[in-house]
Amino acid sequence: WLGAGLLISGALSLVAWPLVRGYGRSAGNPSILPRNYGAGLAGTLIVVWTGILVFGVLLRRRRPSQPERPPR
């Protein structure tokens, strides 16, 4: 699950990088890129890694089922 988290984080960061850096932003037109994309990326990564952590903990707690033995 660590690999899945890294893959998702990498893809999100790659897509969000131009927005976070503000490429294309114009001082004369504040409606271009009006949001705080860095905070949005950070929040999304927190949600992703929290989900990965919870899922990993749940998988660790789950014990493998033992086959039932027939009565003697």
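Begin with the whole surface: the protein exposes about 6500 Å², and carbon and sulfur atoms supply 64% of this area (accessible areas come from the Shrake-Rupley method with a 1.4 Å probe; for residues, only the protein chains shown count as cover). This is a predicted model, in which local features need pLDDT of at least 70 and side-chain atom pairs count only at pLDDT 80 or more, while totals for chains, interfaces and linings use all residues. Residues are numbered from 1 along each chain as its sequence is written, and side-chain values use heavy atoms, with hydrogens and water left out.

Next, colour the model by secondary structure. The protein has two helices and zero strands (helices, H or I of at least four residues, and strands, E of at least two, are DSSP runs numbered from the N terminus). Of its 72 residues, 11% count as buried (buried means under 20% relative accessible area, exposed over 50%, and partly exposed in between, with a 1.4 Å probe and protein chains only).

Now select residues 2-21, which form helix 1. At 1.5 Å a residue, its 20 residues should span 28 Å, and the end C-alpha atoms are 27 Å apart, which agrees (the expected span is 1.5 Å times one less than the number of residues). Centre the view on Val15, where helix 1 has a kink of about 40 degrees, shortly before the proline Pro18 (the bend at a residue is the angle between axes fitted to the seven residues ending there and the seven starting there). Just after helix 1 comes Gly22, with a positive phi near 80 degrees.

Within helix 1, highlight Gly5, Ser9 and Ala16, which are buried. Helix 2 is included in what covers the buried residues of helix 1. Which residues does Ser9 touch, leaving aside its neighbours within four places in sequence? Ser9 is in contact with Leu45, Val48 and Trp49 (contact means heavy atoms within 4.5 Å). Ser9 has a relative accessible area of 12%, and is therefore buried.

Move to helix 2, residues 37-61, and select Gly40. Gly40 is partly exposed, because its relative accessible area is 37%. Measure from Gly40 to Ala16: the two are 24 residues apart in sequence and 9.2 Å apart in space, C-alpha to C-alpha.

Finally, select Trp1, in the segment before helix 1. Is Trp1 buried or exposed? With a relative accessible area of 55%, Trp1 is exposed.
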